[in-house]
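Subject: Structure handover

Hello,

Here is the structure I said I would pass on. My notes follow below it.

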Amino acid sequence: ANALVIEGLKKTYKGGVQAIKSLDLTVKQGDFFALLGPNGAGKSTTIGVISSLVQKSQGSVNVFGFDIDKQLEQAKLCIGLVPQEFNFNQFETVLQIVVNQAGYYGVTRQVALERAEQYLTQLDLWGKRNAQARQLSGGMKRRLMIARALMHRPKLLILDEPTAGVDIELRRSMWDFLKQINEQGVTIILTTHYLEEAEMLCRNIGIIDQGMLVECTTMKALLSKL
Ligand code: ADP
Ligand code: ADP
């Protein structure tokens, strides 16, 4: 089965920037997929379209069989999104942020608390559960974003530059966590401009440049060419 099928995607922003010129992409269920490319290549736009935060100009996007034009609610339930910017309420506590997120998806409070303990513990944030988000370090905020995105148990986790600005030691522990999540069956797509990150984590890779997919291959095949 496919986790994601993008066909003929185009995106032109108001003002005329052609962020996606033409993009076709298929990601299989269970994959760990990297979208690699320089700044301005169109990675965030692609993720924005998949998660329906950015309106596409043309083309179709299908998430686990759900067309985002016709079955948006079902598609959204499949997706957990970790955007680049911290977009939680800085005055809420860590526990409130993750439990409320689960609430938006109709998860009961009891189950939400169990999941919160599980993910916050795994991400080394349980000790901070009663701290306000604004009191956390940058690395902790990143991990909070990941915990929040998992609360409704999405089948597809999408992360936009998840370890940008994170030091190498913390980056490694975040990588270990993402690998575990993937081994538990969650399909993962991340954007990065670190080849090393893609190399450490991903099975398949798409290289995007100037709004086009210039290469889509296995990590192994790519590395053997370098
Ligand atoms: P990446 O994530 O690979 O850095 P983006 O998808 O953010 O690339 O950007 C692709 C192109 O679209 C860039 O030229 C960027 O300036 C432009 N762009 C991104 N967001 C907007 C927006 N909201 N309005 C206009 N142009 C945008
Ligand atoms: P709002 O737009 O009022 O912030 P939403 O219900 O749209 O509320 O989303 C709540 C939070 O969850 C937002 O901060 C948003 O960035 C994040 N979010 C939106 N869509 C998803 C998703 N598919 N998976 C995980 N988090 C999401």
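In these notes, two residues are in contact when heavy atoms of theirs lie within 4.5 Å. Please keep in mind that the model is predicted.

Glutamate 161

Glutamate 161 sits in the loop that runs between strand 7 (156-160) and helix 6 (168-183). Leaving aside residues up to four places away in sequence, glutamate 161 touches Lys43, Gln84, Arg142, Thr191, Thr192 and His193. With one of these, histidine 193, there is a polar contact from side chain to side chain, at 2.9 Å.

Which side chain of opposite charge is nearest to glutamate 161? That is lysine 43, 4.3 Å away. A salt bridge needs a side-chain nitrogen of Lys or Arg within 4 Å of a carboxyl oxygen of Asp or Glu. Glutamate 161 is buried and has no salt bridge.

Ligand 1

Lysine 43 also appears among the residues around ligand 1. The full set is Tyr13, Val17, Ala19, Pro38, Asn39, Gly40, Ala41, Gly42, Lys43, Ser44 and Thr45. Helix 1 (residues 43-50) gives the largest share of this shell, with three residues.

Some polar atoms can be picked out here. Polar backbone atoms of two residues lie by oxygen atoms of ligand 1: glycine 42 at 3.0 Å and serine 44 at 2.8 Å. Tyrosine 13 has a polar side-chain atom 3.5 Å from a nitrogen atom of the ligand. On its own, ligand 1 exposes 560 Å², and the protein buries 60% of that.

Ligand 2

Around ligand 2 are Ile79, Gly80, Leu81, Asn87, Gln101, Tyr104, Tyr105, Arg148 and His152. A side-chain N or O atom of glutamine 101 is 2.9 Å from a nitrogen atom of ligand 2. A backbone N or O atom of leucine 81 is 3.2 Å from a nitrogen atom of the ligand. Arginine 148 places a polar side-chain atom 3.5 Å from an oxygen atom of ligand 2. Ligand 2 has 540 Å² of accessible area when taken alone, and the protein covers 58% of it.

Salt bridges

Side chains of opposite charge can pair when their charged atoms come close. How many salt bridges are there in this model? The count is four, and three of the pairs are described here, starting with aspartate 69 and lysine 56.

The closest N and O atoms of aspartate 69 and lysine 56 are 2.8 Å apart. Aspartate 69 is in the loop between strand 5 (66-67) and helix 2 (72-78), while lysine 56 is in the loop between helix 1 and strand 4 (58-63), so this salt bridge ties together parts 13 residues apart in sequence. Aspartate 69 is exposed, at 52% relative accessibility, whereas lysine 56 is buried, at 16%.

Aspartate 67 and lysine 70 form a salt bridge with an N to O distance of 4.0 Å. Aspartate 67 is buried, at 14% relative accessibility, and lysine 70 is exposed, at 70%.

Lysine 225 and glutamate 215 also meet in a salt bridge, at 3.3 Å from N to O. Lysine 225 belongs to helix 8 (residues 219-225) and glutamate 215 to strand 10 (residues 212-218), and the two are 10 residues apart. Is lysine 225 buried or exposed? Lysine 225 is exposed, with a relative accessible area of 57%. Glutamate 215 is partly exposed, at 27%.

Regards

Technical notes:
Residues numbered from 1 in each chain as written. Chains lettered and ligands numbered in written order. Predicted model: local features only at pLDDT ≥ 70, side-chain atom pairs only at ≥ 80, totals over all residues. Heavy atoms only, no water. Helix = DSSP H or I, 4+ residues; strand = E, 2+ residues; numbered from the N terminus. Buried < 20%, exposed > 50% of the residue type's maximum accessible area, 1.4 Å probe, protein only. Lys, Arg positive; Asp, Glu negative; His and termini not counted. Polar contact = N/O pair within 3.5 Å; in protein donor to acceptor, adjacent residues only side chain to side chain. Near = heavy atom within 4 Å. Areas by Shrake-Rupley, 256 points an atom, 1.4 Å probe, with all protein chains shown as cover.
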